[in-house]
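Me: I would like to practise reading a model feature by feature. Please give me the general idea each time, and then the case at hand.

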Amino acid sequence: MLVTKQPILRRFWYAVMKSSRLDEGPQPFTLLGENIVLWKRADGTPAAARDRCCHRTAKLSKGWVEGDNIVCGYHGWQYDCTGACVKIPQFTSEKIPPGARIDAFRCQEKFGYVWVALDEPLAPILDTPEEGNPQYRRIHQFDEEWKTGALRLMENSFDTAHFSFVHKGTFGQFGKPKPEFFEIRETDYGFEAETIIHINNPPFSHRITGSTEPTTKRHFLNQWHMPFTRRLGIVYPSGIEHTIFTCATPIDDHRIQIIQWLYRNDTEEDCPAALLNEWDVKVVAEDKEILESVVADAPVDVTLRLEEHMPSDRPGLIMRKHLLALLRKYGETEQLSGEIVR
Ligand code: FES
Ligand SMILES: [Fe+2]
């Protein structure tokens, strides 16, 4: 999907980086092809604006923060979080031209990340019952760039047929290529898919699954939140809950920032965060290698009706149908998209 060609995608919230990155000063990020600068105001809340000074076009991310404002490193012009230029050191304040301003974007902090919406959001940032509940701990897992399309990562997240191949080195059961049946329920935010997955349980993952058996299973409740976030609730027979959030934040048509965090209902003593992350780095590296080899915006030929034989292809098709319906609702044309549902 050519995400930068679909203005409607600007009307969603995206996690862009860990909030703590802003303690190091202003940071650049590219969201849907838009170069933005993020900074932290005096009260600790984040702000976002176009990364381009309106004086002589320097990148504001090369500057610094003063109080609530971002300062351009070229001649010291200052902008507040609304994008208004509030100080030109070479002028007296009454001489600031009224047109001296940059575009500012909606920005807030949630789950330890900075979230940005480029245009009026269609929905608030999702909530989850684990957040703030003392029975769960939250663990940051990844924040890195991948060379793939956002929809490609989302479809992969619901594709149970890749486990026995891509993940044969970790939890996948090579030689058992047919995934278990799963049920899909459509919701107002997208859909949820429920199934049982049988997995290998090598010694490395014993503390993660809470089992020392050579194989175990996961109860999967996997939610797709339009357009590019998934919430995967895993429950092991041991009673351990392992809930993963994965954001495929679209940098541009061919790159994403993958941001992932996790909730667990056990303690650091039961299973250290470093161990959880080491295991998931192995699992996710398997996905990364294959996803960086796919074509980010290739159309899907639904005339093959693969989903009749491979039910694991259905979630990806339903995603495309939802996104296509969204484009139509807001008068955008599907021809601009590489992803076509025929
Ligand atoms: S380019 Fe930013 S102050 Fe001159
Ligand atoms: Fe995977």
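Me: In which sense do E9 and E10 pair, and over how many bridges?

Reply: Strands of a sheet pair through backbone hydrogen bonds, either parallel or antiparallel. E9 and E10 are antiparallel, with 5 bridges between them. Strands here are DSSP runs of E with at least two residues, helices are runs of H or I with at least four, and both are numbered from the N terminus; two strands pair if DSSP finds at least two bridges between them. This is a predicted model, in which local features need pLDDT of at least 70 and side-chain atom pairs pLDDT 80 or more, while totals for chains, interfaces and linings use all residues. Residues are numbered from 1 along each chain as written, chains are lettered from A and ligands numbered from 1 in written order, and side-chain values use heavy atoms, leaving out hydrogens and water.

Me: Which residue is the bridge partner of glutamate 109, and what lies in the turn of the hairpin?

Reply: Glutamate 109 has valine 114 in E10 as its bridge partner. The hairpin of E9 and E10 has 2 residues between the strands, and phenylalanine 111 in that turn has a positive phi of about 55°. E9 (residues 104-110) also pairs with E4 (residues 46-50), again in the antiparallel sense, over 2 bridges. There, alanine 48 stands opposite phenylalanine 105 of E9.

Me: How is the open sheet of 4 strands ordered?

Reply: The order is E5-E6-E7-E8, with antiparallel pairing. E5 (64-66) and E8 (85-87) are the edge strands, each pairing on one side only. Inside the sheet, E6 (residues 69-71) and E7 (residues 78-79) share 2 bridges, and valine 71 has glutamine 78 in E7 as its bridge partner.

Me: Where should I look for unusual backbone geometry?

Reply: Most residues other than glycine have a negative phi, and most peptide bonds are trans. Leucine 32 has a positive phi of about 50° although it is not a glycine; this residue is in the loop between E2 and E3 (34-40). The peptide bond joining methionine 226 and proline 227 is cis, with omega about -10°. Proline 227 belongs to the loop between E14 (215-225) and E15 (229-235).

Me: How is the chain divided into domains?

Reply: Domain 1 covers 3-117 and domain 2 covers 137-327, with bounds from an automatic or database assignment. Their centres, taken over C-alpha atoms, are 33 Å apart. Domain 1 gives 22 residues to the contact and domain 2 gives 20, where contact means heavy atoms within 4.5 Å.

Me: How much area is buried between domain 1 and domain 2?

Reply: About 1,800 Å² is buried between them, 69% of it from carbon and sulfur atoms. Val3, Phe111 and Tyr113 supply 30% of the area that domain 1 buries against domain 2, more than any other three residues. Buried area is the accessible area (1.4 Å probe) that two parts lose on being put together, summed over both.

Me: What polar links cross the interface?

Reply: Between domain 1 and domain 2 there is 1 salt bridge, meaning a side-chain nitrogen of Lys or Arg within 4 Å of a carboxyl oxygen of Asp or Glu. Aspartate 253 and lysine 5 form a salt bridge at 3.9 Å, N to O. The structure holds 20 salt bridges. Aspartate 253, in the loop between E16 (241-250) and E17 (256-264), and lysine 5, in the segment before E1, are 248 residues apart.
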